[in-house]
Amino acid sequence: GGNPDDYAEIRIPDNMFIWATMNSADQGVFPMDTAFKRRWDFTYLGIDDSDKDIRGKYVTIGSKEKQRIEWNELRMAINEFLADEKINEDKQLGPYFISRNIVVPSDGGSEINSERFCHVFKHKVLMYLFDDAARQKRGRLFEGSKKGQTRYSKICEAFDEQGIGIFHADIQNRVKVWGLKL
């Protein structure tokens with residue numbers, strides 16, 4: 001409220017800081033990115049710098065080929081594959097590409113809710129890999145998919161059944177499949 005002329009200046013107290021993050025992979029942010037870099041200080045955070053909270057967190061995936069895997073290990077295996085395929089680091093998966101409240105169990109345990117994880121994995125991770133990060137490498141990335149590699153819907157169906165079996169053998173070989181709880 002009030003008269004706009006009464007507010008000609010905005011002042012920020014010396015003890016107030018504004019923290020923001022920006023992903024250089026987002027389309028169309030280059031001009032903004034350049035402007036920000038001229039005006040503020042930056043700290044680079046590596047792709048694996050904050051993964052300690054998700055280490056040792058397991059999820060069971062696949063209906064026909066049940067697998068208990070560590071999310072962080074799968075994420076890092078996908079990133080290694082992308083790097084081997086010459087896909088830039090800013091297109092890789094950070095520790096919380098899937099929201100922290102999904103991959104870090106609220107009870108402090110090590111078991112991730114499988115239903116929530118698989119839903120988000122299909123509709124966020126697989127879609128991102130299919131449509132963006134690995135668009136030119138779909139056939140190789142999803143070469144294990146028994147339903148095909150060229151249609152997103154078929155890759156999702158294959159993931160429901162095969163779990164990490166949908167991926168290239170290099171990814172599968174980098175992920176340890178743990179024994180299932182009975």
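This report describes the nonpolar core, the aromatic pairs, the cysteines and several loop residues of one protein structure. The model is predicted.

**The nonpolar core**

In soluble globular proteins, nonpolar side chains tend to be buried together. Here the largest nonpolar core comprises 41 residues. Within this core, the residues with the most contacts are Trp71, Phe117, Phe121, Leu126, Leu129 and Phe167. At least two core residues come from each of strand E1 (58–61), helix H2 (71–84), H3, H4 and helix H6 (152–162). The greatest contribution is that of H4, which gives 10 residues.

Leu129 illustrates how such a residue is surrounded. Apart from its neighbours within four places in sequence, Leu129 is in contact with Ile78, Leu82, Ala134, Arg135, Leu141, Phe142 and Phe167.

**Helix H6 and its buried face**

In H6, the buried residues are Tyr152, Ile155, Cys156, Ala158, Phe159 and Gln162. Viewed down the axis of H6, these buried residues fall within an arc of 165 degrees, so they line one face of the helix. E1, strand E2 (67–70) and H4 are among the elements that cover the buried residues of H6. After H6 comes Gly163, which has a positive phi, near 65 degrees.

**Aromatic pairs**

The structure contains nine aromatic pairs. One of them joins Phe97 and Tyr128: the ring centres are 5.0 Å apart and the planes lie at 45 degrees, so this pair is tilted. The two residues come from distant parts of the chain, with Phe97 in the loop between H2 and H3, Tyr128 in helix H4, and their positions 31 residues apart. Tyr128 is buried, at a relative accessible area of 16%.

Phe121 and Phe159 form another aromatic pair, which is stacked, with 4.9 Å from centre to centre and 25 degrees between the planes. Because Phe121 belongs to helix H4 and Phe159 to helix H6, this pair ties together parts that are 38 residues apart in sequence. Both Phe121 and Phe159 are buried. These two residues also belong to one aromatic cluster, formed by Trp71, Phe117, Phe121, Phe142, Phe159 and Phe167.

**Cysteines**

A disulfide is a covalent bond between the sulfur atoms of two cysteines. A search of the whole structure finds zero disulfides. For Cys118, the closest cysteine sulfur is that of Cys156, at 11 Å, which is too far for a bond. Likewise, Cys156 is in no disulfide, and the nearest cysteine sulfur is that of Cys118. Cys118 counts as buried, at 14% relative accessibility. Cys156 is buried as well, with a relative accessible area of 9%.

**Residues in loops**

The following table sets out four loop residues and their accessibility.

| Residue | Location | Relative accessible area |
|---|---|---|
| Asp51 | loop between helix H1 (30–39) and E1 | 5%, buried |
| Lys86 | loop between H2 and H3 | 71%, exposed |
| Asp107 | loop between helix H3 (100–103) and helix H4 (114–133) | 67%, exposed |
| His168 | loop between H6 and helix H7 (169–174) | 8%, buried |

Two of these entries concern aspartates in contrasting surroundings. Asp51 is buried, and its side chain makes a polar contact with the side chain of Asn72 at 3.0 Å. Not counting residues up to four places away in sequence, Asp51 touches Asn72, Arg75, Met76 and Pro95. Asp107, by contrast, is exposed, and its side chain reaches the backbone nitrogen of Gly109 at 2.7 Å.

The buried His168 has contacts of its own. Residues up to four places away in sequence being set aside, His168 touches Phe81, Arg140, Leu141 and Glu143.

Lys86 calls for a remark on its backbone. Most residues other than glycine have a negative phi. Lys86 is not a glycine, yet its phi is positive, about 70 degrees.

Key:
Residues numbered from 1 in each chain as written. Predicted model: local features only at pLDDT ≥ 70, side-chain atom pairs only at ≥ 80, totals over all residues. Heavy atoms only, no water. Helix = DSSP H or I, 4+ residues; strand = E, 2+ residues; numbered from the N terminus. Buried < 20%, exposed > 50% of the residue type's maximum accessible area, 1.4 Å probe, protein only. Polar contact = N/O pair within 3.5 Å; in protein donor to acceptor, adjacent residues only side chain to side chain. Core = buried A, V, L, I, M, F, W, Y, C linked by side-chain atoms within 4.5 Å. Contact = heavy atoms within 4.5 Å. Arc of directions from axis to C-beta. Disulfide = S-S within 2.5 Å. Phe/Tyr/Trp six-rings, centres within 6.5 Å; stacked < 30°, edge-to-face > 60°.
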